[in-house]
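Please open the model in your viewer and keep the sequence panel beside it. The tour below moves from one selection to the next and says what is to be found at each stop.

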Amino acid sequence: MASVKQKISLNASRDIPFNKLVLSQSNVRRIKNGQTIENLAADIGRRGLLQSLNVRPVLDGEGSETGTFEVPAGGRRYRALELLVKQKRMTKTQPVPCVVTDANSVVPIEEDSLAENFHREDLHPLDMFRAFQTLHEQGATHEEIASRFFVSATFVQQRLRLAKVSPKLLEVYEQDGMTLDQLMAFTVTDDHARQGQVWQSLETSWSKEPQQIRRMLTETTVRATDRRAQFVGIDAYVAAGGVVLRDLFEADNGGWLQDPVLLDRMVGDKLRAAADEVAAEGWKWIVVDVDLPYGHTHGLRVLPGSFVDLTDEEQGSREALQKEYDDLESEHGEADDLPEEVDRRLGDIERALEALENRPMIYDPVEIARAGVFVSIDRDGDLVIDRGYVRPEDDVTEPIEGDSAETGSEGADTTGSDAAVRGTTITMGAQSSEPDEDDDDGIKPLPDRLLTELTAHRTVALRDAVAGNPHVALTLLLHGLVSERFRRHGASCLQVSLIETHFPVQSADLRETSSAKAITERHESWAADIPSEDSILWDWLAELDDASRLALLAHCVSFGVNALHEKANPYGTPSVHTVRQRVDQADRLAHAVGLDMVEVGWQPTVANYLGRVTKARILAAVGEAKGTAQAQLIDHLKKPEMAEKAADLLADTGWLPEPLRTSEAAAVQGSTDSVVETDSTGGETVVGDSETIGDDDLATTDVPAVAA
């Protein structure tokens, strides 16, 4: 005969006056966590008590009920009700809904509290989003919803932002197919088709980090911190119809601008308008570019000018600001950390003094008519107008009567501009781009443009290193003189000149490198000391102490360093032999000065290397730096994703491509390139390593950069 299952009986509920309730010491919750009692009391005051208290009768010594009930489960609700009584928003005798458990229950009283908390399940984020969305559709604002549930308005906006995600991806998340962090990453765009494409490409990948999702969704956008965006202004961009993608879940520094074409057009228009204003001053030419290349003023004569005099009011303001600055420095100079308000004030004073110092320059009108201006923007998005440069072909002793500036030149953009009528040539410049790299699996020679950019970095670093090593600089100069004297016949008893090589192409970040900045600062420092009159230059040089003379010699000699890659011409110049000698010489020089491109700050990125070589080279680089196992983890990725992942893997590893390695580094790290590669025309291109020779050997090889 089958046994009959015993039916359970639920505990009875009843209303008990609040003053008959006491908090049980058996409540397992001891640590305050999450929502405060004050917030819970406010919520009960608004909507009433939604959940009854769990209570048990208190028995006396004889086991009889005393009429008082202890609360083992619902202690926080009890304390919230207690607070409402103290605030006189509820009477002491207010009946409270309670579920009463038998005092003699076989279940320990501690389990009541434990079970209530243990079996509680938090609301799913997707359910919270849908609930917030319903309230919002009913007319509640973000702030009203936030105040009702004691969260920030940003939290509500974040949950409502999930409405931007494709319903298909919400379903994937609901089925635990992705994490909440991954889902939130998709909210940077409301393009459901693009969201689906990104998830499809990542679904079977081992790398599905939220940052990777954001990167793929924003790869065709421009960061709001980009100097172009700062220059134009986000408000102006939006007013012109541009869209800004925002990420409420992460610090996005202003988001991403979705329309780079519109942004570039606005940047060009604003720069052109600034150039037109400058053209009214009468300059012969103006070069306009977002990224003026490093060394763009080399070989140009700088016009002497004088600053506009300060007014009496400005002079008084400068003296007062300088005194305040000195007083603050004296008062807080020995403190490890400046008070925030002091630090802020010092910054304000520095900016005010800088504004007073950066006064307009006054130039000779005759000189202006043959000189030019560079217009660009700096890293902070501020307009930079650099006036007063004369090209060698325009540098005549006397102005020519009736000479008028060109009204146009090859590559210059003067159409429709008042500047063209006034005779000012305005050139909207840009460096040429290289063709897309073929995305096949073979290890091909590095593209010529990339090699030139890499070796431009090395050349600048070598120049800085030579300038800091007078011994090597002197050896280098003697090497050029000896080579010239004993290998060829000079045209005169002695003529020495530096042939400074300018880079036909270069990466955008070259001028921001530590080496480039050090060279510029050093040159400006010497330029401020060296007399401009030829008649006194010899005496000034003669009176320098030996250390200063050597330092100046090293600085000057360094400008002749040329470690630049050039494609060899089998039928002309430069010949294979010349290029080979130059690479060998640069390698010896790098060894002599102890050059390490890692120490000077170069590391592989998508922009400067990984995004511009084949997948095979990317994998070879990762395998060389991190091991074959790490390379195999990314070999299934498409090239853009592979390049991004490789950049993360190679960061801080010290890995360098072959053209940037010294001979010793190349010997240790190995090489995937031959020293000489054959191009399609049958010519040879030198890209690799060479033997290690000390600075004692510098006097036995040609120096292309120093001519006599």
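In which sense do strand β13 and strand β14 pair, and over how many bridges? Select residues 372-377 for β13 and residues 383-390 for β14, and you will find that the two strands pair in the antiparallel sense, over six bridges. Bear in mind throughout that this is a predicted model. To look at one position within this pairing, pick Phe374 and then Asp386 in β14, which is the bridge partner of Phe374.

With that pair still displayed, bring in helix α13, residues 260-279, which packs on the sheet and touches β9 (285-288), β13, β14 and β15. If you draw the directions of α13 and β15, the angle that they make is about 160°.

Now widen the selection to the whole sheet, which is open, has five strands and runs in the order β10-β14-β13-β9-β15, with mixed pairing. Its edge strands are β10, at 301-302, and β15, at 425-428, each of which pairs on one side only.

From the sheet, move to the loop between β9 and β10 and select Gly299, which lies there. Gly299 counts as exposed, because its relative accessibility is 59%. Add Pro392 to the selection and draw the C-alpha to C-alpha distance: Gly299 and Pro392 are 7.4 Å apart in space, while 93 residues separate them in sequence.

The next stop is the other sheet of this tour, in which five strands form an open arrangement with the order β1-β5-β3-β4-β2 and mixed pairing. Colour its edge strands, β1 (12-17) and β2 (21-23), each of which pairs on one side only. When direction is ignored, neighbouring strands of this sheet are turned by 50° against each other on average.

Within the sheet, select β3, residues 53-59, together with β5; these strands pair in the parallel sense, over three bridges. One position to label is Leu53, whose bridge partner in β5 is Cys98.

Two helices can then be added in turn. Helix α2 packs on the sheet and touches β2, β3, β4 (65-73) and β5, and its direction makes about 120° with that of β2. Helix α3 also packs on the sheet, where it touches β3 and β4, and its direction makes about 40° with that of β4.

Stay with α3, residues 109-118, and select Leu114, which has its place in this helix. Is Leu114 buried, partly exposed or exposed? Leu114 counts as partly exposed, because its relative accessibility is 44%. Show the surface and add Val28 and Phe118: together with Leu114 they form a nonpolar patch, with about 300 Å² of accessible area for the three together.

For the last part of the tour, turn to backbone torsions in loops. Go first to the loop between α2 (75-86) and β5 (95-100), where Lys88 is found. The phi of Lys88 is near 60°, which is a positive value in a residue other than glycine. Lys88 is exposed, since its relative accessible area is 76%.

Then select the loop between α7 (167-174) and α8 (180-185), which holds Asp176. Although Asp176 is not a glycine, it has a positive phi, of about 65°. Is Asp176 buried or exposed? Asp176 counts as exposed, because its relative accessibility is 66%.

Methods:
Residues numbered from 1 in each chain as written. Predicted model: local features only at pLDDT ≥ 70, side-chain atom pairs only at ≥ 80, totals over all residues. Heavy atoms only, no water. Pairing = 2+ DSSP bridges. Helix = DSSP H or I, 4+ residues; strand = E, 2+ residues; numbered from the N terminus. Contact = heavy atoms within 4.5 Å. Axes fitted to C-alpha atoms, helices over the stretch in contact; angles between N-to-C directions. Patch = residues over 30% accessible without salt bridge, like charges linked within 9 Å, V, L, I, M, F, W, Y side chains within 5 Å. Areas by Shrake-Rupley, 256 points an atom, 1.4 Å probe, with all protein chains shown as cover. Salt bridge = Lys/Arg side-chain N within 4 Å of Asp/Glu carboxyl O. Buried < 20%, exposed > 50% of the residue type's maximum accessible area, 1.4 Å probe, protein only.
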